[in-house]
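This report describes the architecture of a two-chain assembly, with attention to how its parts meet. The structure is shown first, and the description follows.

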Amino acid sequence: MTFGAGVLTTVSCKQPLGKSESGAHMRAYGERSPFEGPVRVIRELTASPGTGSSRTPHAEMYGTITPSALHFERHHSGVPSIDPAAHQLLIHGLVDKPLVFTMTEIKRFPSFSRTYFLECGGNSIGEQSGNTQPDVQRSHGLLSCTEWTGVSLKEVLRGVGVKAEAKWMIAEGADAGRMARSIPMEKVLDDALLVYGQNGEALRPEQGYPLRLLLPGWEGNANVKWVHRLQFADAPAFSAKETAYYTDLGKDGKAQIFTFVMEGRSVITRPSGLQKIVPGFQEITGLAWTGKGRITRVEVSTDGGASWGDAVLQNPVLPLAVARFRFPWTWDGKEAVIQSRCTDETGFLQPTHDELIDARGSNSGYHYNAIKPWRVSADGSVTHV
Amino acid sequence: MAVSLMFKLVVLGLIGAALWGQGRPATAEEIRRLDLTVFSDGRGLPAGKGTAARGAAVYKEKCAVCHNDKGQGREGQWPTLVGGIGSLATRKPVKTVGSYWPYATTVFDYISRSMPFDHPRSLVADDVYAVTAFVLYLNGLVEQGRELNEKTLPQVKMPNRNGFVPDRRPVVKAER
């Protein structure tokens, strides 16, 4: 079909010689403006490439969705390069019929998309032990929120026939270290997904391309990336990453194990550490999330916790996704301590740092979810407390 | 969370129709080749054997470059493998294979799937048994000449075997 616009195109092609004011060429795959700078902060833990973490710059993010290029990362054996045409998913163990699926076959299942947060079990690990970070990216950056697309794991399992004796599913990645985690059957049969899409396009390699296990509301590590093997068993594997790591050592020397759910928490992302504000109107904004459903309320205090007011939650508030909150504030130029606290649909109220330490001690490390206060000094600079 | 009503209706509507994405039967050979899981009761352990005495040589060649000559690790880079037994309830707990890991089978599983870091799965089963024995020996948990194999490894008693409890959160009951 031909449109009148074709005539305009012909005219506009006849540019006068000299400097053009018609702008840059188009790009087949877009990039952000060169004037924009937020990037992940990378911390590599070993001399081997890609092993460590990178954090989302929350102070400079808007809304609720984390751009794929800024999604946090935590890799234990680097990022593998996987050709989806060669990738296979083996499902075996306590099943009637062990099967192997190609990516093409996985994608033939009915697909759907859901928005879920993902948070590393070790997010804010330093906050508990007193090693407080200077800004919200370093203290809370192992959290992101994405529209994931994939298939329901239980639908894929229909043809396999998981036996009644199976109580656990051991999920293994195709990364160099073949990282593995044991997942209880209840979660497998509830809302577990196999995802291949991230914010409308294929998963990024760093998020498990071409296939990732997605366990809504559960600690990031259990959401096994590059997943290539699912083994059903009557017992957990007690793999290194579910015993030596991601367990919560308490004051009595006993450690909680299989602590999957990320409990409710919130944080003010603006104004936050290393930023500087001026007196007058100042919107306080941040994020709240819970692995137990929906956030129902976020309160903000600007007087060190003496009084609290309700923040406005951006609609829609989706279950197991981050909620964006906003709270109008006029800063009078005097020193202030600002903080947020959330309540989720189970009635869970975010604890203070002292309440959390009192209950858990200082050494559990993982799953830290206490209130985060920021100090605004008289000169407007914001620092951690 | 429940899958949406719409999705359930679609699924119901298609019951009886051909299954999507059939997959293909997995062969016993490929399951054997890919299945790395070692369970705490020893299921999944391959045939083989090794002692700490022999493991010392493998460790020196394959492991010491990162974990140091006696499993001390290297500060901020590579984890410490030894020590810390009895420290878990103190203010400065030291979590190592010896002090924290509940099962010796996990040591074998982790070394066989993930180590050496730059060439994982390059050790034969006898070498994995030997290095596992050496790391346990460094922690004072097995004798230098004790043979570890698929029968004896699961019997090694780890100090923190009973140190884990189920998720008991929310441990914090915040009230205002």
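The coordinates come from a predicted model. One point of association between the chains lies in strand pairing: strand E5 of chain A, residues 99-102, is joined to E1(B) by two bridges, and the two strands run antiparallel. Within this pairing, B:Pro25 of E1(B) is the residue that A:Leu99 stands opposite.

**The interface between the chains**

In total, 59 residues of chain A are in contact with 50 residues of chain B. On the chain B side, the elements that give two or more residues are helix H1 (5-14), strand E1 (24-25), helix H2 (28-34), helix H5 (104-114) and strand E4 (164-166). H5(B) supplies the largest share of that side, with five residues. By class, the chain B side has 30 nonpolar, nine polar and 11 charged residues.

H5(B) also merits a description of its surroundings. Because 11 of its 11 residues are buried, H5(B) is largely enclosed by the rest of the structure. Among these buried residues are B:Val107, B:Phe108, B:Tyr110 and B:Ile111, and the list also includes B:Asp109 and B:Arg113. The cover over the buried residues of H5(B) includes an element from each chain, namely helix H7 (240-243) of chain A and helix H6 (125-138) of chain B.

**Overall form of chain A**

Chain A contains eight helices and 24 strands. Its C-alpha trace spans about 75 × 65 × 40 Å along the principal axes. The radius of gyration of chain A is 23 Å, which agrees with the value near 21 Å for a compact globule, the chain having 385 residues. Of those residues, 50% count as buried. When contacts in chain A between residues at least 6 apart in sequence are considered, 71% join residues at least 24 apart.

**Domains of chain A**

Chain A is divided into domain 1, covering 88-256, and domain 2, covering 265-384. The centres of the two domains, taken over C-alpha atoms, are separated by 28 Å. Contact between them involves 26 residues of domain 1 and 24 residues of domain 2. On the side of domain 1 that touches domain 2, two or more residues each come from strand E6 (112-119), helix H3 (125-129), helix H4 (136-140) and strand E14 (248-249) of chain A. H3(A) gives the most to this side, with four residues.

The residue classes of the two contact sides described here are set out below.

| Contact side | Nonpolar | Polar | Charged |
|---|---|---|---|
| Domain 1 of chain A, touching domain 2 of chain A | 10 residues | 12 residues | four residues |
| Chain B, touching chain A | 30 residues | nine residues | 11 residues |

**A five-stranded sheet in chain A**

Five strands of chain A form an open sheet in the order E19-E18-E22-E23-E24, with antiparallel pairing. Strand E19 (309-310) and strand E24 (382-384) stand at the edges; each has a single partner strand, so one side of each is left without a neighbour in the sheet. Strands of a sheet pair through backbone hydrogen bonds, in either a parallel or an antiparallel manner. The partner of E24(A) described here is strand E23, residues 374-376, to which E24(A) is joined by three bridges in an antiparallel run. In this pair, A:Arg375 has A:Thr383 of E24(A) as its bridge partner.

Definitions and conventions:
Residues numbered from 1 in each chain as written. Chains lettered and ligands numbered in written order. Predicted model: local features only at pLDDT ≥ 70, side-chain atom pairs only at ≥ 80, totals over all residues. Domains from an automatic or database assignment. Contact = placed C-beta atoms within 7 Å. Nonpolar A, V, L, I, M, F, W, Y, C, P; charged D, E, K, R; others polar. Pairing = 2+ DSSP bridges. Rg over C-alpha atoms; globule rule 2.2 N^0.38 Å. Buried ≥ 20, exposed ≤ 12 C-beta atoms within 10 Å, placed from the backbone.
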